[in-house]
Amino acid sequence: MSSDLDVFVGNTTLIDEEVYRLWLDGHSVAEAVARRLRGGVLEREGTSVAVLQSDTRDHYRTFQMLERLLHAPPRLLQQLLFQIPPERQGVLVQRYAFDEALARELLGKKLSKGTKKELDEISARTGVGIRSCRRQFDNFKRVFKAVEELRGPLAENIQQLFLLPPPLARGDYAAIVFFANSRFETGKRRLQFLTFGDFAACAQSMMGHWSQGALAPEAAEPDGDLPKSFLQDLKELKVLVTDKDLLDQHKSLVCSVLRGKISVYNELEANFKALSRALVNVGGKLTHARDVRDFFVDLVEKVIEPCRSDKWSPGDLRLFLTQYTAAPRNLPAFRHQALWERYMAAITACLLRMYHD
């Protein structure tokens, strides 16, 4: 009597995306097994509970051995111990994905031991498991420390060091680092309507117009801070509101174009000077750390809330900001047009993103 036996031997490291997600979320092996059971894995795979438990434990052991490599993804590409296909390596880099609810809570806070002690409370508020909160916090801190002193574009440095997809590196982690550097206030009650996505979009615009990389790419300076020289220059823009003739001319130019084009023309005409002072003074105060922290608070309190009170639509605001920015080109006495347009490009993008319920 004879029997045939086929044997296949390989050294490819298997990555189960479902189990990896459960591990990332901080579930224990027992919790992961229970969730897989509720998901109907036994029926799909035709296996037993014992095999499922063994399979889950085996995946967890693999992930724990890979963890040190996941802290620095380029090392994952260079190592030879685990044979992982490129598409699966991309799955592993998901370790650096994060819950926006958690990121929203941490925006603007110092990534320190003190903040880490708050994670129990943050976990309760957001519904993100405490183990996952700690993992994500450590990821944020690891990225921040790695790029803090690097020269060159912040987003590109993050992407190269951690092999993250461009949207995650450029839109999300770059925003987190930018906010951690500048320590913008994001936690006050009047800012709670703003999402992480809102703040990330504002960060992208500010970095795109105000950062060292945007102002002088050839300088190759660290890109995560707002240059002090640029912030100091913004004081020059105050002439638009301190010089009565310029203020009156600016108002006349804007109102003449917008008459009949926006639904809140009367409110604009009545409140133009107060609104203009608010827009200009937000930038003029940014040389002081406290005023930098209050940047978003000031935009909401001094621009967004008054416009809401007067029933401005987003379209009204867009038309106004477009003409308000362009009008000084026709003011011969105003000599800071390039600085003004760079300043207002970011302000406009922030306000239009923030102007919602």
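User: Is cysteine 255 buried or exposed?
Analyst: Happy to start there, with the note that this is a predicted model, where local features need pLDDT of at least 70, side-chain atom pairs count only at pLDDT 80 or more, and totals for chains, interfaces and linings use all residues. Residues are numbered from 1 along each chain as its sequence is written, and side-chain values use heavy atoms, leaving out hydrogens and water. Buried means under 20% relative accessible area, exposed over 50%, and partly exposed in between, with a 1.4 Å probe and protein chains only. At 4% relative accessibility, cysteine 255 is therefore buried.

User: How many disulfides does the count come to?
Analyst: A disulfide here is a pair of cysteine sulfur atoms within 2.5 Å. For cysteine 255, the nearest cysteine sulfur belongs to cysteine 307 and is 13 Å away, and cysteine 255 is in no disulfide. By this rule, the number of disulfides is zero.

User: Which helix gives the most residues to the largest nonpolar core?
Analyst: A nonpolar core is a set of buried Ala, Val, Leu, Ile, Met, Phe, Trp, Tyr and Cys residues joined through side-chain atoms within 4.5 Å. The largest one has 94 residues, and Phe296 is among those touching the most other members. Helices are DSSP runs (H or I, at least four residues), numbered from the N terminus. With 10 residues, the top contributor is helix H12 (residues 166-182).

User: Between which domains does this core lie?
Analyst: Domain bounds come from an automatic or database domain assignment. Both domains give residues to the core, so it lies between domain 2 (97-189) and domain 3 (228-354).

Notes:
Helix = DSSP H or I, 4+ residues; strand = E, 2+ residues; numbered from the N terminus.
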